Each structure stands twice: as structure tokens, then as C-alpha cells.
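This report is about aromatic rings, the contacts they make with one another, and the charged groups that sit over them. Please look through the sequence and the structure before reading on.

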Amino acid sequence: MNYLRFINSLSQARQRSPIRLMTEILYKSPPTMISMASGMPNASQFPFEEATFKLTDGTSIEINNTDMKKALQYNPTPGIAGLHSWLMSMLQHLHKPPNFSLGDGDQKTELLITTGSQHGLCMAFEMLFREGDKVLMSSPVYSGTRSILEPYKPEYILVESDKDGMKPESLKNKLSRWSKEDAYSDTSDIPRLLYTVPNGDNPSGVSLTLERRRDIYKICQDYNLLIIEDDPYYFLQFNKPRLPSFQSMDVDGRVLRFDSFSKVLSAGIRVGFVSGPKALIYRIQLHMEASVLHSSAVSQMIIFKLLEKWGMDGFLAHSEKVAEFYQQRRDVMLRAADKWLTGLAEWNVPTGGMFLWMKLPGVQDTKDMIMKKAMKKEVLFVPGDVFDVSEGTSQYIRACYSVCSDEAMDEGMKRLASLIKEEQR
């Protein structure tokens with residue numbers, strides 16, 4: 001893999017922060033080290049001493065004075081050592097990246113803790129994207145990704161998808177206008193990136209089948225594409241066993257993977273992580289060194305203490321319970337949709353995540369209906385144009401089943417049915 005082909009000139013120009021490097025050296029040094037190098041404030045002057053967090057099972061985790069001082073201080077950019085090591089172990093346990101133990105080369109799997117997975121995604125695109133670049137993706141697409149990409153005035157190449165996700169034959173067809181040799185040419189305008197949400201896609205709720213994942217990876221090999229694997233709903237897969245990730249089949253080092261704790265531990269704690277080939281993770285790290293320095297060490301410490309208490313088995317058992325909860329919420333919404341929207345709307349059964357994506361054939365512009373009329377009936381959905389890069393009108397809406405009660409979902413679908421009927425008159 002020639003990673004310089006993918007990294008833009010801005011990212012290539014980034015240099016290591018000397019102060020950040022000193023921080024890393026200090027954290028790796030023995031206690032006998034006398035350091036007058038770093039600009040760390042004296043933790044004795046911070047007003048926080050320790051903390052105890054009560055868990056929903058009645059037990060608790062504690063951050064003692066020693067750990068609190070570490071959490072309140074500047075930390076290495078990749079993340080606090082304990083959490084970083086734990087996440088690397090989880091990566092190996094769940095995905096077994098082929099390049100995990102590949103010496104110290106550019107393709108070796110590395111990991112960087114970020115302020116939520118979208119923070120990592122944003123930095124990755126800022127490393128890889130140039131104005132006017134082409135990007136392959138399916139539609140509808142997560143609105144947060146659109147927000148990142150729109151300032152670059154990208155050329156979206158939309159790959160067809162269905163209830164099983166992106167269609168490999170459509171991807172191959174989109175790339176057929178270029179030769180495989182173009183993928184190694186500095187002058188060709190061939191796309192370099194494929195973006196995908198493989199599990200419980202937001203907003204469509206679909207998941208790529210294993211066969212399609214393998215076919216898509218092979219096509220990406222043929223056309224030398226980097227895969228941006230945005231997977232915040234990995235732990236919210238409803239079909240078991242969980243499907244293998246693109247990272248698990250990445251023999252080349254062409255997958256950047258983005259993970260999140262937002263759906264299973266806390267959305268507000270803002271901790272995620274990006275993993276992939278060392279050459280690319282290093283460039284994202286340089287971005288962090290020049291911006292946020294590192295993700296909140298207090299948030300990282302809270303999560304580390306929880307994972308340390310639970311262990312791998314405990315965390316995965318908790319994640320299974322969360323997935324079961326959302327599957328039950330999905331089923332409640334599907335029953336309400338069947339009851340009130342049969343003949344008025346069309347949908348596929350979500351295989352993961354938190355969303356039901358519905359087409360309203362009798363409504364030409366759901367934005368107008370939702371933003372002007374739904375509010376009066378006290379029911380709210382996201383109009384489909386938010387997820388449509390063509391910027392035209394949309395017949396789709398996104399419904400979220402994560403927080404509404406059974407009764408609220410039933411009443412909400414009833415109100416939606418009334419709205420649709422009014423639109424059809």
C-alpha cells in the first residue's frame with residue numbers, strides 16, 4: 001500500500017508536536033525520572049480529589065486520588081495507557097485484524113482514542129480528502145458524514161443498495177469507467193475512498209451481508225480503494241452471530257475503522273476510537289496533537305475503570321443486553337407501523353441500529369409535511385432529504401425507536417397515518 005497516494009498535502013505537511021512527544025516520553029519513563037520539560041500544571045492545585053460512580057446493577061466503580069490525578073492531567077494523544085491497551089485487546093478479540101502483529105510497518109494495526117467516533121471520522125476525511133474528490137457511498141447517507149464532506153464540494157458516486165446493503169455489482173459498474181491500472185496512476189481521477197456503515201445503517205437500518213462484504217473488499221482490492229468503515233452500531237446487530245467487519249478481512253491494510261461507545265455506554269461521555277494501518281493512524285494523531293491534544297482523560301478513565309471491572313466477557317454481555325433492548329424497541333415500532341401504516345408506507349425490517357426508514361409513496365416532499373404540518377399534530381420525524389446528497393425532494397422519513405414508550409410509538413404512527421392521508425387528499 002502506497003499511503004501517500006491517499007493522504008492530502010495538508011496532512012502530509014503536519015509535523016509532530018515536540019511538546020506532545022515529551023509528554024509521551026514522560027509517561028513511558030521510570031518514576032525516578034526528573035522532568036522539567038513538560039508544561040504540566042501541578043495536579044495538587046486541582047479541586048477534584050476522587051469520584052465514585054454507582055452503576056445500574058447496584059455496584060460501583062471508584063477513581064481514587066492517584067487515578068484522578070492522572071485523569072486530570074495532560075495525557076498522551078493516543079489515549080491513557082490502560083484504556084488504549086484494553087481496546088487493542090478487544091480489537092484483537094472481536095476482529096482479529098490480519099495485520100495486528102505485523103512488526104512495526106506502515107500496515108500494522110494501530111488505534112487512536114477520539115472524542116466520539118465522528119471526531120475520528122472528521123479527522124480522517126480531513127487527512128484524505130481534497131476539494132472536488134470523488135467518494136463512493138450508498139444513499140441514503142448519514143447526515144453527519146455529509147456535514148463533514150460538503151465543504152470539499154465532493155462528487156458523490158452513489159452505489160445502489162437494497163435491504164442487504166450496498167450492491168457489489170453496482171459498485172463494480174460504477175468503477176467500470178476506469179481501468180484497474182488507473183488505481184495506481186497519479187493523474188487519474190479514479191475514486192480513492194469508499195464510505196460505508198456496514199451494520200444498522202443510519203438511517204436505513206440495513207446491514208451488509210457477509211457475502212457482500214467479501215465481494216466489496218475484493219473490488220476495493222482490484223481498484224485500490226481505502227474503505228472507511230463507520231461502525232457505531234456494531235454492538236447493536238440483531239442477528240447473531242455478529243457479522244465479521246471489513247477490518248477482520250483486511251489483509252492489505254486498506255480499512256480505517258471507526259468505533260463508538262455512544263450506543264452502549266454513554267453518548268455524552270464522548271469516547272470513540274479509530275483503528276487501522278499505522279501510517280494513517282499516525283497522520284490522524286498529528287491532527288489531534290495540533291488541535292484537542294487528546295480526548296478527555298476523565299471520560300477515558302471512567303470507561304477504563306468500568307471495563308476493568310467488567311472484563312471482556314462482562315462488557316460483551318452488557319452489549320448483548322443493549323442489542324436485545326433495541327431489538328425489542330424495533331419490534332414495538334414495527335407492530336405500530338403494521339397497525340397504522342399498512343398501505344400508506346413501505347419499509348424494510350432493520351437488522352440493527354435504532355432507526356426505521358420509511359417511504360411514503362403518496363407524499364412527494366416529506367420535508368414540507370414534517371416541518372410544516374407534523375409539528376401541529378405533535379409528532380416529529382426526520383425528513384429524508386437530510387440524508388439525500390442529491391438535494392432534491394424526498395419521499396422518505398426516518399423514525400427512531402430508541403426512546404419512545406410503546407404507547408408513544410403507537411400514537412405517533414397513528415398521527416403519521418393521519419398526516420399521510422391528509423397529504424393524499
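## Aromatic pairs

Two rings of Phe, Tyr or Trp, the last taken by its six-membered ring, count as a pair if their centres lie within 6.5 Å, and a pair whose planes are over 60 degrees apart is called edge-to-face. In this predicted model, the structure holds twelve aromatic pairs. One of them joins Tyr234 and Phe235 in an edge-to-face arrangement, with 5.0 Å from centre to centre and 80° between the planes. Tyr234 is buried, having a relative accessible area of 4%, and Phe235 also counts as buried, at 5% relative accessibility.

Phe261 and Phe315 form an aromatic pair that is likewise edge-to-face, with their centres 6.0 Å apart and an angle of 80° between the planes. Phe261 lies in the loop between β10 (255–260) and β11 (272–277), while Phe315 belongs to helix α10 (residues 297–341), so this pair ties together parts that are 54 residues apart in sequence. Both Phe261 and Phe315 are buried.

## A shared cluster

The residues of these two pairs meet again in one aromatic cluster, which is formed by Trp86, Tyr234, Phe235, Phe261, Phe273 and Phe315.

## Charges over rings

Tyr234, a member of that cluster, also has a charged neighbour, since Arg257 lies over the face of its ring at 5.1 Å from the ring centre. Elsewhere in the sequence, the charged end of Arg5 sits over the ring of Phe6, at 5.3 Å from the centre of that ring.

Definitions and conventions
Residues are numbered from 1 along each chain as its sequence is written. This is a predicted model: local features need pLDDT of at least 70, side-chain atom pairs count only at pLDDT 80 or more; totals for chains, interfaces and linings use all residues. Side-chain values use heavy atoms; hydrogens and water are left out. Rings of Phe, Tyr and Trp (its six-membered ring) pair if their centres lie within 6.5 Å; planes under 30 degrees apart count as stacked, over 60 as edge-to-face and the rest as tilted. Buried means under 20% relative accessible area, exposed over 50%, partly exposed in between (1.4 Å probe, protein chains only). Helices (H or I, at least four residues) and strands (E, at least two) are DSSP runs, numbered from the N terminus. A charge sits over a ring if NZ of Lys or CZ of Arg is within 6 Å of the ring centre and within 35 degrees of the ring normal.
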